[in-house]
Amino acid sequence: MDRIQISATDRSPRVDFDFASGRFQLSGESYPEDAAAFFGPLLQSLRTYLAAAASEPIVFEVELAYFNSSSAKALMNLFMPLEDAAGEGRAVTIRWLFTKGDETIAEAGEDFASDFSHARFDLVETSQAEC
Amino acid sequence: MLAQDFKSFFETSKRNGIILSFGGDLSENVLFSLGEVLKLRMIQGETDATIAKRVFSIFVEQAQNIIRYSADKLPGASTPPRGMISAGMIVVGVEKGRFFVVCGNEVPKTDAVILRERLDHIASMSSEELKRYYREKLRQPPDEGSLGGSIGLIEIARRSSAPVEFDFHDLGGERSMFCLKAYI
């Protein structure tokens, strides 16, 4: 599958879905005008990728400074098929990055983490200052 | 007279701790611009970063609720929520050292009934219950007629430091005025 790379805007995250290496990244801020339109194609691609019989480990990295409730919903939609894939034996790691001191994002990560039992969910504190 | 009237309008706003107020047609672009100045204002005022994030988050959810669910819309959006322009009011201020965000917009009376039920339910929950409810809703498909995740109101309640205040006012005909105030 072709790699998906989308640059960040002021209100939508940078996207890098590198299917060949199993590395996925979302970073920046996320409150797009239409979250379904932004995340829908990404979810579609992820599903197609997971349906193919591949076995390389998946690392899905999320580093968002802010996301609105529609984006939270979209993230959950991306996480659910990943957890399912992990349940079927695929090695899946979610890396949830948050800036030191950012309770909101750390707490959101904990919320998501509790929904995973097969995939590994790492909360990763970074020291990078907020801009 | 004109300048004097406006001076007293501004002074009243300031006295009431209002730092941002908008009334009229709201679009996603307007939301974004208001959000940017709100962020700057809070940075300048050295607002605690966690508080600033909560204020911003509640502001975005309330503004998007107006854009998506106000009954007073400019026609023309072909693929909602993209391109929607809807009338409403949104005010951010500080009252006794606490930030508040209040929004107001017209809603169809039929929506008002459902909205009141949902808000009664949400306002009665403890923070632990809100957290659980949020996580539960996050996993479910959105409610019928929702243009987002059906979790905006829960998000607002979770980021608030007190139960959300809300009120409805019958406008006659098919509509009610809806107001929601959240303290951070």
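**Exercise 1. Find how strand β4 of chain A is joined to strand β5 of chain A, and place the pair in its sheet.**

Solution. Start with the pair itself: β4 (residues 58-67) and β5 (residues 92-99) of chain A run parallel and are joined by five bridges. Strands here are DSSP runs of E with at least two residues, helices are DSSP runs of H or I with at least four, and both are numbered from the N terminus. Two strands pair if DSSP finds at least two bridges between them. Next, look across the pair: Val62(A) stands opposite Trp96(A) in β5(A).

Now widen the view. The open sheet has six strands in the order β1-β2-β3-β4-β5-β6 (chain A), with mixed pairing. Its edge strands, β1 (4-6) and β6 (120-126) of chain A, each pair on one side only.

A word on reading the model: it is predicted, local features need pLDDT of at least 70, side-chain atom pairs count only at pLDDT 80 or more, and totals for chains, interfaces and linings use all residues. Residues are numbered from 1 along each chain as its sequence is written, while chains are lettered from A and ligands numbered from 1 in the order in which they are written.

**Exercise 2. Decide whether Leu123(A) is buried, exposed or partly exposed, and list its contacts.**

Solution. First locate the residue: Leu123(A) lies in strand β6 of chain A. Then apply the rule: with C-beta atoms placed from the backbone, 20 or more others within 10 Å of a residue's own mean buried, 12 or fewer mean exposed, and anything in between means partly exposed. Leu123(A) has 15 C-beta neighbours inside 10 Å, so it counts as partly exposed.

Finally, leave aside neighbours within four places in sequence: Leu123(A) is in contact with Trp96(A), Ala106(A), Gly109(A), Glu110(A) and Ala113(A). Contact means that the C-beta atoms, placed from the backbone, lie within 7 Å.

**Exercise 3. Describe how helices α1 and α2 of chain A cross.**

Solution. Take the axes, which are lines fitted to C-alpha atoms over the stretch in contact, with angles from 0 to 180 degrees between N-to-C directions. The axes of α1 (residues 35-51) and α2 (residues 69-87) of chain A come within 10 Å and cross at roughly 5°. Angles under 35 degrees count as roughly parallel, so α1(A) is roughly parallel to α2(A). Among the residues making this contact are Phe39(A) and Leu46(A) of α1(A), and Ala74(A) and Leu78(A) of α2(A).

**Exercise 4. Work out how many residues each chain gives to the contact between chains A and B.**

Solution. Chain B gives 19 residues and chain A gives 18 residues. On the side of chain B, the largest share, six residues, comes from α3(B).

How values were computed
Contact = placed C-beta atoms within 7 Å. Parallel < 35°, antiparallel > 145°, perpendicular 65-115°, else oblique.
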